[in-house]
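Colleague: Got a minute to go through this one with me? I want to talk rings, cysteines and one helix.

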Amino acid sequence: MSDERTAHWDNIYGTKAEDSVSWFQDTPEPSLSLLKLVGAMPTSAIIDIGGGASHLVDALLDLGFVDVTVLDLSQTALDADKARLGAAAGDAKWICADVTEWRPGRRYDVWHDRAAFHFLTDPADQALYSAALVQGLAIGGHVIFGTFAPDGPEKCSGLPIVRHDASSIGKILGDGFELVDSRRHDHRTPWDSVQQFQFSTFRRRH
């Protein structure tokens, strides 16, 4: 499955301009507001899961964050990020991996995921993702999920997704996590349609 996923996303990022995909954001909101909400500081260790071609890394580096990691299963996407950043790309860390097969070698203060988790339609993959999260997130750290809301699209990039609210994500994470913020976000695509997103932020308790 990982090879199929990688091929799909390499094709997407290799054939489409970054501002011609539905999830494109010039300014990564509400992600930046939620990072502020959870108390992220310039020295906080932050990882962006599925962050290929996202502008979140740009914004964080511009704000002076010094420990930013971007993980994506598409090297093509990561290369696009690096090309856009130029010399500043050396100020971030880059990991090409499928998060369901990856096991972190360190712990992060904030785990951010906008529009990656909802592609995991198999409960087994969701469990593998959760295992990586537990291994990679510090106790007391925060995870920010941006997913399609229950009334949002049912597919993205030709693939089925699972729509979530804070409750459905909380059940997957288990009682080691407590909800600290839940909000909707109407994302306007480059062609001016609206996608209903749900942002759910949890703190790891133990």
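Modeller: Sure, we can take the aromatic rings, then the cysteines, then a helix. Keep in mind that this is a predicted model.

Colleague: How many aromatic pairs are there?

Modeller: The count is seven aromatic pairs. One of them is W102 with W111, a tilted pair with 6.2 Å centre to centre and 40° between the planes.

Colleague: Are W102 and W111 buried or exposed?

Modeller: Both W102 and W111 are buried.

Colleague: And F117 with F145, why does that pair count as tilted?

Modeller: The ring planes of F117 and F145 meet at 55°, so the pair is tilted. Stacked would need under 30 degrees and edge-to-face over 60. The ring centres are 5.0 Å apart.

Colleague: Where do F117 and F145 sit in the chain?

Modeller: F117 is in the loop between β4 (108–114) and α5 (123–136). F145 is in strand β5, residues 137–148. They are 28 residues apart, so the pair links distant parts of the chain.

Colleague: Why do you call F117 buried?

Modeller: Its relative accessible area is 1%, and buried means under 20%. F145 is buried too, at 0% relative accessibility.

Colleague: Which residues do the ring pairs link into a cluster?

Modeller: W102, W111, F117, Y129 and F145.

Colleague: What sits over the ring of F197?

Modeller: The charged end of R114, 5.0 Å from the ring centre.

Colleague: Switching to cysteines. How many disulfides does the structure hold?

Modeller: Zero. C96 is in no disulfide, and the nearest cysteine sulfur, that of C156, is 19 Å away.

Colleague: Why is there no bond for C156?

Modeller: Because the closest cysteine sulfur, in C96, is 19 Å from the sulfur of C156, too far for a bond. The cut-off is 2.5 Å.

Colleague: Is C96 buried or partly exposed?

Modeller: C96 is partly exposed, at 40% relative accessibility. C156 is buried, with a relative accessible area of 6%.

Colleague: Now the helix. What is the reach of α5 from its first C-alpha to its last?

Modeller: 20 Å, over 14 residues. That is close to the 20 Å expected at 1.5 Å a residue.

Colleague: Which residues of α5 are buried?

Modeller: D125, Q126, Y129, S130, A132, L133 and G136. Seen down the axis of α5, the buried residues fall within an arc of 160°, so they line one face of the helix.

Colleague: What caps the N-terminal end of α5?

Modeller: D122 does. A side-chain oxygen of D122 lies 2.8 Å from the backbone nitrogen of A124.

Definitions and conventions:
Residues are numbered from 1 along each chain as its sequence is written. This is a predicted model: local features need pLDDT of at least 70, side-chain atom pairs count only at pLDDT 80 or more; totals for chains, interfaces and linings use all residues. Side-chain values use heavy atoms; hydrogens and water are left out. Rings of Phe, Tyr and Trp (its six-membered ring) pair if their centres lie within 6.5 Å; planes under 30 degrees apart count as stacked, over 60 as edge-to-face and the rest as tilted. Buried means under 20% relative accessible area, exposed over 50%, partly exposed in between (1.4 Å probe, protein chains only). Helices (H or I, at least four residues) and strands (E, at least two) are DSSP runs, numbered from the N terminus. A charge sits over a ring if NZ of Lys or CZ of Arg is within 6 Å of the ring centre and within 35 degrees of the ring normal. The expected span of a helix is 1.5 Å times one less than its number of residues. The arc is that of the directions from the helix axis to the C-beta atoms. A polar contact is a pair of N or O atoms within 3.5 Å; within protein, one must be able to donate a hydrogen and the other to accept it, and residues adjacent in sequence count only if both atoms are side-chain atoms.
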